[in-house]
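Trainee: I'm new to this one. Could you walk me through how to read it, feature by feature?

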Amino acid sequence: MIEFRGVTKRFPDGTVAVDNLDLVVEAGGITVFVGPSGCGKTTSLRMINRMIEPSEGTIMVDGRDVAATDAADLRRGIGYVIQQAGLFPHRTILDNIATVPLLLGWSKAKARSRAAELMEIVGLAREMAGRYPAQLSGGQQQRVGVARALAADPPILLMDEPFSAVDPVVRESLQDELLRLQAELGKTIVFVTHDIDEAIKLGDKVAVLRVGGVLAQYDQPGQLLARPVDDFVDNFVGRDRGYRGLGFMSSDAIPIGELPTVALGDPVPDDDAWVLVVDSEQHPQGWLNGAERNGAAVVEADHLMPGGSLYDIGSGSLRSALDAALSSPSGVGV
Ligand code: ADP
Ligand code: MG
């Protein structure tokens, strides 16, 4: 668990990057910090591993006050991944990943077998082991960056816009891999992005920050969509685009090509309409693609509730349907 208690960062030139932040990152999930450029995401992240010291307030990591913890000690338990993987150009992929274990005093054989295992975990083919960073694509380099950050098996992983520089298709698959990896390894991940779609997709909880370093809302993605606390959050999560993420189908199974696009708060166009809430594991990919091509999109059900289901929403508005689904203890909509 990571806790920010009244944390403010004021740089020497007077810039307040983070303003009185109170927030608890729960262990074992993905917490996303999202907001426009300059809102203090990177600064917040770097205060967790003491790359930046707060001006006021306290940060606790697993019950220890970060300010009173030796930085090298602290960082052994915290992996860190940034946008440019920052690999050593003259070392092979395997050696890049093995660097940290070697620094920690592992034997060469043990460090290398750990590196090979990590390559598999992050989905890098074995034959990449002997290549050099320049021979890899951007997406592959980011995988190496993630593997390297995981090398010493830290319980916490900090990720600062790790996928922002790769093309959208590769980004999607890296996101999927990260979700799988988190489920498999149970790491506590703090993920920074300026991209709200990425935040909604990855976050168990999402902290929306505004410029000036003020926390606007800290909530589950479904709650951000359904109950934005103010206009800033509402606009930021995409009111104007409608409920990005909600696909529609009717009980008569209208082909996906004819799906209507519905804006938030619009009446449901058809009494027989259903809201499609897809399970990220089980949805038919073709539907998802089709829905997105048609301007509709899909909310992944595990962001709202486990399992995923179809909700017959009758003739309400999208907002009331989602409200009903969210407030129903069984997760079954109206
Ligand atoms: P984000 O990662 O959300 O884009 P940052 O945390 O990098 O934002 O920066 C937050 C604010 O703090 C910005 O206004 C930025 O210009 C400012 N800032 C960041 N680092 C410094 C610094 N070393 N000195 C002065 N201002 C800084
Ligand atoms: Mg940043």
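Trainee: Let's start with a single residue. In which helix does Leu202 lie?

Mentor: Before we begin, keep in mind that this is a predicted model. As for your residue, Leu202 belongs to helix H7, which covers residues 196-202.

Trainee: Is Leu202 buried or exposed?

Mentor: The idea is to look at relative accessible area, where under 20% counts as buried. Leu202 has a relative accessible area of 1%, so it is buried. Now look at what sits across from it in space: the C-alpha atoms of Leu202 and Ile30 are 6.7 Å apart, although 172 residues separate the two in sequence.

Trainee: What about Phe163: where is it, and is it buried or exposed?

Mentor: Phe163 sits in the loop between strand S7 (156-160) and helix H6 (168-185). Its relative accessibility is 2%, so Phe163 counts as buried even though it is in a loop. Here too you can compare sequence and space: Phe163 and Ala85 are 78 residues apart along the chain, and 9.8 Å separates their C-alpha atoms.

Trainee: Now the ligand. Which residues surround ligand 1?

Mentor: Start with the shell, then go to single contacts. The shell consists of Phe11, Asp13, Thr15, Ala17, Ser37, Gly38, Cys39, Gly40, Lys41, Thr42 and Thr43. By type, these residues divide into 3 nonpolar, 6 polar and 2 charged. Helix H1 (residues 41-48) gives the largest share of the shell, 3 residues.

Trainee: And which polar atoms of Cys39, Lys41 and Thr42 come up to an oxygen atom of ligand 1?

Mentor: Check whether the backbone or the side chain is involved. For Cys39, a polar backbone atom is 3.2 Å from an oxygen atom of the ligand. For Lys41, an N or O atom in the side chain is 2.9 Å from a ligand oxygen. With Thr42, the side chain again supplies the N or O atom, this time at 2.8 Å from an oxygen of ligand 1. As for cover, on its own ligand 1 has 560 Å² of accessible area, and the protein covers 61% of that.

Trainee: How do I read a helix? What span should H4 have?

Mentor: Use the rise per residue, then compare the ends. Helix H4 (residues 108-121) has 14 residues, and at 1.5 Å a residue it should span 20 Å. The end C-alpha atoms of H4 are 20 Å apart, so the two values agree.

Trainee: Which residues of H4 are buried?

Mentor: They are Ala111, Arg114, Ala115, Leu118, Met119 and Ile121. Look down the axis of H4 and these buried residues fall within an arc of 155°, so they line one face of the helix. The face turned away from that buried side carries the exposed residues Ala109 and Glu120.

Trainee: Let me try that on H6. What span is expected there, and which residues are buried?

Mentor: With 18 residues at 1.5 Å each, H6 should span 26 Å; its end C-alpha atoms are 25 Å apart, which agrees. The buried residues of H6 are Arg171, Leu174, Gln175, Leu178, Leu181 and Gln182. Seen down the axis of H6, they fall within an arc of 130°, so they line one face of the helix. Turned away from the buried side is the face with the exposed residues Val169 and Ala183.

Trainee: Now backbone angles. What is phi of Asn20?

Mentor: Look at the sign of the angle and at the residue type. Phi of Asn20 is near 55°, a positive value in a residue other than glycine. Asn20 lies in strand S2 (residues 16-25), and with a relative accessible area of 47% it is partly exposed. Asp62 also has a positive phi, of about 50°, although it is not a glycine. You'll find Asp62 in the loop between strand S4 (56-61) and strand S5 (64-65).

Trainee: Which side chain reaches the backbone nitrogen of Asn20?

Mentor: That is Thr8, whose side chain reaches this nitrogen at 2.9 Å. Thr8 lies in strand S1 (residues 2-10), and its relative accessible area of 5% makes it buried.

Trainee: Which backbone nitrogen lies 2.8 Å from a polar atom of the side chain of Gln217?

Mentor: The one of Val229. Gln217 itself is in strand S10 (residues 214-219), and it is buried, at 3% relative accessible area.

Notes. Residues are numbered from 1 along each chain as its sequence is written. Chains are lettered from A and ligands numbered from 1 in the order in which they are written. This is a predicted model: local features need pLDDT of at least 70, side-chain atom pairs count only at pLDDT 80 or more; totals for chains, interfaces and linings use all residues. Side-chain values use heavy atoms; hydrogens and water are left out. Helices (H or I, at least four residues) and strands (E, at least two) are DSSP runs, numbered from the N terminus. Buried means under 20% relative accessible area, exposed over 50%, partly exposed in between (1.4 Å probe, protein chains only). A residue is near a molecule or strand if one of its heavy atoms lies within 4 Å of it. A polar contact is a pair of N or O atoms within 3.5 Å; within protein, one must be able to donate a hydrogen and the other to accept it, and residues adjacent in sequence count only if both atoms are side-chain atoms. Accessible areas come from the Shrake-Rupley method with a 1.4 Å probe; for residues, only the protein chains shown count as cover. Ala, Val, Leu, Ile, Met, Phe, Trp, Tyr, Cys and Pro count as nonpolar, Asp, Glu, Lys and Arg as charged, and the others, Gly among them, as polar. The expected span of a helix is 1.5 Å times one less than its number of residues. The arc is that of the directions from the helix axis to the C-beta atoms.
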